[in-house]
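Subject: Structure for you to look at

Dear colleague,

Here is the structure I said I would pass on, together with some notes for a reader who has not met it before. Please have it open while you read.

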Amino acid sequence: MVDFKEQEQRYWQLLHQPESLFLLHRANDVEHFIALMTDFLAWPELSLEHMLAFIALQQDSFIPDLDRFSQAWFPCRYHSQHKTVSWVPAFHRLSKPFLEDDISDARRCLLASFIQPKTLLEPLLSQRESLPIVNPSLMIFHWSRCGSTLVSSSFALLETCRVLSESMLCSDVMHDDHWPLALKPQLVDLCLRLQGRLRLGERELVIKWNAWDLACWPMLLELYPKSRVLCLIRNPKDIMFSHQRVAGRHMAGGQSLLPTELHTQQMENTEPSLDEFRTTVLQHFAQLSAALYQSSRAILLDYHQLKDFKPTTFSTILGWPLSEGEIERWQHHWRFDAKQQGQLFTPVVSNEPVPLRELQSPSWQQLFMTYNQLLQRLYWDKKHDI
């Protein structure tokens with residue numbers, strides 16, 4: 001007769017044992033996985049049906065020993081409706097252009113298919129101080145389609161560097177109005193201590209935020225005062241053209257990613273066209289970038305500069321020295337499309353003139369005025385060898 005209380009205890013112990021979980025992670029067929037679980041749970045009669053039914057009963061949210069648990073599990077998704085966090089195994093080095101791609105890879109093993117832990121977010125705050133402190137070496141803000149993926153993926157080539165590229169977990173927590181403003185910095189820091197936990201010889205952390213996270217720069221700079229900050233901008237016409245081809249989340253229409261004052265403004269007016277909406281979003285980003293630059297914390301770069309840089313120039317600007325081998329890898333990497341692995345990079349720039357109606361619109365004129373003002377403030381010395 002199986003003592004299910006004993007099995008439950010063994011199961012929760014198993015979720016905190018990286019060595020045992022790694023063996024399950026490497027299991028390449030169901031029979032092998034069940035054989036391992038039979039040993040770990042001390043359950044000789046365990047079958048696939050028994051295991052699935054047993055694990056399903058254990059899937060309710062729980063509060064783990066976070067320091068030990070996060071050695072083997074990576075928080076991947078925030079569910080705003082229930083204020084919970086989902087986890088995937090943490091046995092792969094992050095290496096893809098976007099964190100969501102790494103998470104998708106982590107889900108492909110049998111361990112992630114059978115065991116899918118879920119925890120409430122707020123109760124984990126009491127354990128935040130038990131986790132290693134994170135001090136991002138670099139935070140990247142951008143308007144989107146500005147070369148940020150090229151920059152972040154370049155750092156991902158360095159074995160000592162951990163890159164979080166557009167963490168939806170952090171973004172969704174930051175933009176959930178359920179949480180009081182006073183609590184959000186702690187929640188964000190908790191998420192970054194978990195996702196940014198250095199592993200496998202990593203010594204540096206680089207964070208590329210989502211475009212709409214630019215609105216949170218005051219909180220993030222206060223939270224991580226020692227971090228270098230890079231802000232990437234681009235000619236709004238080229239950004240608009242890029243989103244016309246394939247629209248990003250913040251450029252697809254709707255109001256959910258706009259700040260409250262812009263949402264109210266849009267609601268008071270007639271339904272804006274998609275181009276008007278996108279112009280409003282970019283103008284908001286431009287104003288945020290101007291304020292960020294005024295903080296004297298950010299290095300400001302335009303896309304037309306970035307695409308011509310040599311790695312040595314870029315590393316000099318950031319104060320991040322590269323070895324000869326790393327420079328060679330960067331030079332090779334910069335020849336390829338950062339978002340399409342294996343494809344040579346081909347710049348796509350619109351040669352179509354901006355319609356006269358848009359040129360005459362106050363929002364478009366204001367956007368380009370702000371952009372041109374930012375161009376005068378770029379970090380750029382013509383003496384740099386490019």
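What follows goes from the chain as a whole to single residues and then to the aromatic rings.

Please keep in mind throughout that this is a predicted model. The protein chain has 19 helices and eight strands, and of its 386 residues 52% count as buried. If one takes the contacts between residues at least 6 apart in sequence, 77% of them join residues that are at least 24 apart. The accessible surface of the protein chain comes to about 18900 Å², and carbon and sulfur atoms account for 51% of that area.

A place to begin is helix α2, which spans residues 18–26 and contains Ser20. With a relative accessible area of 14%, Ser20 is buried, since the cut-off for that label is under 20%. When residues up to four places away in sequence are not counted, Ser20 touches Leu14 and Phe40.

The aromatic rings deserve a longer look, as a search of the whole structure finds 19 aromatic pairs. In one of them, the rings of Phe22 and Phe91 have their centres 5.4 Å apart and their planes at 65 degrees, so this pair is edge-to-face, the angle being over the limit of 60 degrees. Because Phe22 lies in helix α2 and Phe91 in the loop between β2 (84–89) and α6 (99–106), the pair ties together parts that are 69 residues apart in sequence. Phe22 itself is partly exposed, with a relative accessible area of 33%.

Phe314 and Trp330 form another aromatic pair, a tilted one, with 6.3 Å from centre to centre and 45 degrees between the planes. Here Phe314 belongs to helix α16 (residues 311–318) and Trp330 to helix α17 (residues 324–333), so the pair ties together parts that are 16 residues apart in sequence. Phe314 counts as buried at 1% relative accessibility, and Trp330 is likewise buried, with a relative accessible area of 1%.

Which residues do ring pairs link into a cluster? They are Tyr11, Trp12, Trp43, Phe54, Phe62, Phe69, Trp73 and Trp87, and you may find it helpful to select them together in your viewer.

One further item concerns a charge and a ring: Arg234 lies over the face of Tyr303, at 3.8 Å from the ring centre.

With best wishes

Note on methods:
Residues numbered from 1 in each chain as written. Predicted model: local features only at pLDDT ≥ 70, side-chain atom pairs only at ≥ 80, totals over all residues. Heavy atoms only, no water. Helix = DSSP H or I, 4+ residues; strand = E, 2+ residues; numbered from the N terminus. Buried < 20%, exposed > 50% of the residue type's maximum accessible area, 1.4 Å probe, protein only. Contact = heavy atoms within 4.5 Å. Areas by Shrake-Rupley, 256 points an atom, 1.4 Å probe, with all protein chains shown as cover. Phe/Tyr/Trp six-rings, centres within 6.5 Å; stacked < 30°, edge-to-face > 60°. Lys NZ or Arg CZ within 6 Å of the ring centre and 35° of its normal.
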